[in-house]
Amino acid sequence: MTRTYDIRLWHALPALALVALSIQCSGPEAFRSRSVTGGQAGSSGAAGTAGSTGAAGDTPISGAAGDTGAAGTTGAAGPTGAAGTTGAGGTTGAAGTTGAAGTTGAAGETGAAGTTGAAGTTGAGGSRDGGTDAPATSLKVLYECRQNGASVLSAEFSIKVVNTGAAAIPLNSVNVRYWYTIDGTGAQAGTCTSTAHPCTISFQSATPAKPTADQYAVISFGNGSLAPGADTGEIMIQFHGTGAYNQGNDYSFLTTGANFLDAPRVTGHVMGKLVWGTAP
């Protein structure tokens, strides 16, 4: 009986082992529920700290405005922002934005040209240094004495104006001046006679007065022009006062006989500017 029991028990051992194996491999939940006295599960690792965000690039620097007239200087590009620090397990911070280049200053405006002042008009008998520059014209004055005496009650002579330039001369811009001493003759009157070009005569005091010229007669013309190489033809002048003239001390007087001669002491003017002869 005893042997029979042992043999049966021996045969039953494999079945008991299978039962025990099936209990150990029944799954994780069964395993934990049965492992009451086992060690606790390890804690999950903490998530890495997020990386710091990269600092933004410096504010771009604007270029300074250009000085007036000169082009402005181009501003320098702004510094590039540094990359953010990488946190443990975190995301790498983005690189900072590069500052934009400064704007180039605009060039200053050019000043407008100044307006040319209008030419001043010289009145009849004005100073020989007055008036505006004469145009590019050239003329000369021819003179013939018609009263040769040293002491005369009236001064009488003829003149011609010759255009020696290459351009026509408007006659209303021309006048001729005869310089003399008044010699106490008082109020004066005169005539200017021309068949081709109407003319007038007027009288002015010389300033400053000279020993040979304290007065001058101004012969002026009306409209019309004098072509290059042409002359006015003979213009007869006569003037008088209340007494006699001493022609011996008159600056422009010249004994010529019955001839027209160049007369540099009878001056010619265009637009008030001396263009012929020499004034006293």
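In this predicted model, Tyr-180 has a relative accessibility of 1% and therefore counts as buried, the limit for that class being under 20%. Tyr-178 likewise has a relative accessibility of 1%, so Tyr-178 is also classed as buried. A pair of aromatic rings is described by the distance of the centres and the angle of the planes. On these terms, the rings of Tyr-178 and Tyr-180 form a tilted pair, with 6.1 Å from centre to centre and 35 degrees between the planes. Tyr-180 takes part in a further tilted pair with Phe-239, where the centres lie 5.0 Å apart and the planes meet at 40 degrees. This second pair connects distant parts of the chain, since Tyr-180 belongs to strand 4 and Phe-239 to strand 9, with their positions 59 residues apart. Both Tyr-180 and Phe-239 are buried.

These pairs belong to a wider arrangement of rings. Tyr-143, Phe-157, Tyr-178, Tyr-180, Phe-203, Phe-239 and Tyr-245 are linked into a cluster by ring pairs. Across the whole structure, the search identified 11 aromatic pairs. Another ring, that of Phe-260, has the charged end of Lys-160 over it, at 4.5 Å from the ring centre.

The chain as a whole contains 2 helices and 12 strands. Along the sequence, the elements follow the pattern α-α-β-β-β-β-β-β-β-β-β-β-β-β. The chain has 280 residues, of which 29% count as buried. Its exposed surface amounts to about 16,800 Å², with 56% supplied by carbon and sulfur atoms. When contacts between residues at least 6 apart in sequence are considered, 73% of them join residues at least 24 apart.

The largest nonpolar core comprises 31 residues, and those with the most contacts inside it are Tyr-143, Ile-159, Tyr-178, Ile-219, Phe-221, Ile-237 and Phe-239. Two or more residues are contributed to this core by each of strand 1 (139-145), strand 2 (151-163), strand 4 (174-180), strand 6 (199-210), strand 7 (213-221) and strand 9 (235-246). Strand 2 provides the largest share, with 5 residues. Beyond residues up to four places away in sequence, Ile-219 touches several others, including Ile-159, Val-174, Val-176, Cys-192, Cys-199 and Ile-237. A second core, separate from this one, has 7 residues, among them Ala-206, Val-218, Tyr-251 and Ala-279.

Two further residues illustrate contrasting degrees of exposure. Asn-163 lies in strand 2 and counts as buried because its relative accessibility is 1%. The side chain of Asn-163 reaches the backbone oxygen of Ala-167 at 2.9 Å. With residues up to four places away in sequence set aside, Asn-163 touches Ser-138, Leu-139, Ala-168, Ile-169, Leu-226, Ala-227, Pro-228, Gly-229 and Ala-230. Leu-261, by contrast, is found in strand 10 (residues 261-262). The relative accessible area of Leu-261 is 36%, and this residue is therefore partly exposed, a class that spans the values between 20% and 50%. Apart from neighbours within four places in sequence, Leu-261 is in contact with Val-141, Leu-142, Tyr-143, Leu-254 and Thr-256. The C-alpha atoms of Leu-261 and Ile-159 are separated by 9.2 Å, although the two residues are 102 residues apart along the chain.

Terms used. Residues numbered from 1 in each chain as written. Predicted model: local features only at pLDDT ≥ 70, side-chain atom pairs only at ≥ 80, totals over all residues. Heavy atoms only, no water. Core = buried A, V, L, I, M, F, W, Y, C linked by side-chain atoms within 4.5 Å. Buried < 20%, exposed > 50% of the residue type's maximum accessible area, 1.4 Å probe, protein only. Helix = DSSP H or I, 4+ residues; strand = E, 2+ residues; numbered from the N terminus. Contact = heavy atoms within 4.5 Å. Areas by Shrake-Rupley, 256 points an atom, 1.4 Å probe, with all protein chains shown as cover. Phe/Tyr/Trp six-rings, centres within 6.5 Å; stacked < 30°, edge-to-face > 60°. Lys NZ or Arg CZ within 6 Å of the ring centre and 35° of its normal. Polar contact = N/O pair within 3.5 Å; in protein donor to acceptor, adjacent residues only side chain to side chain.
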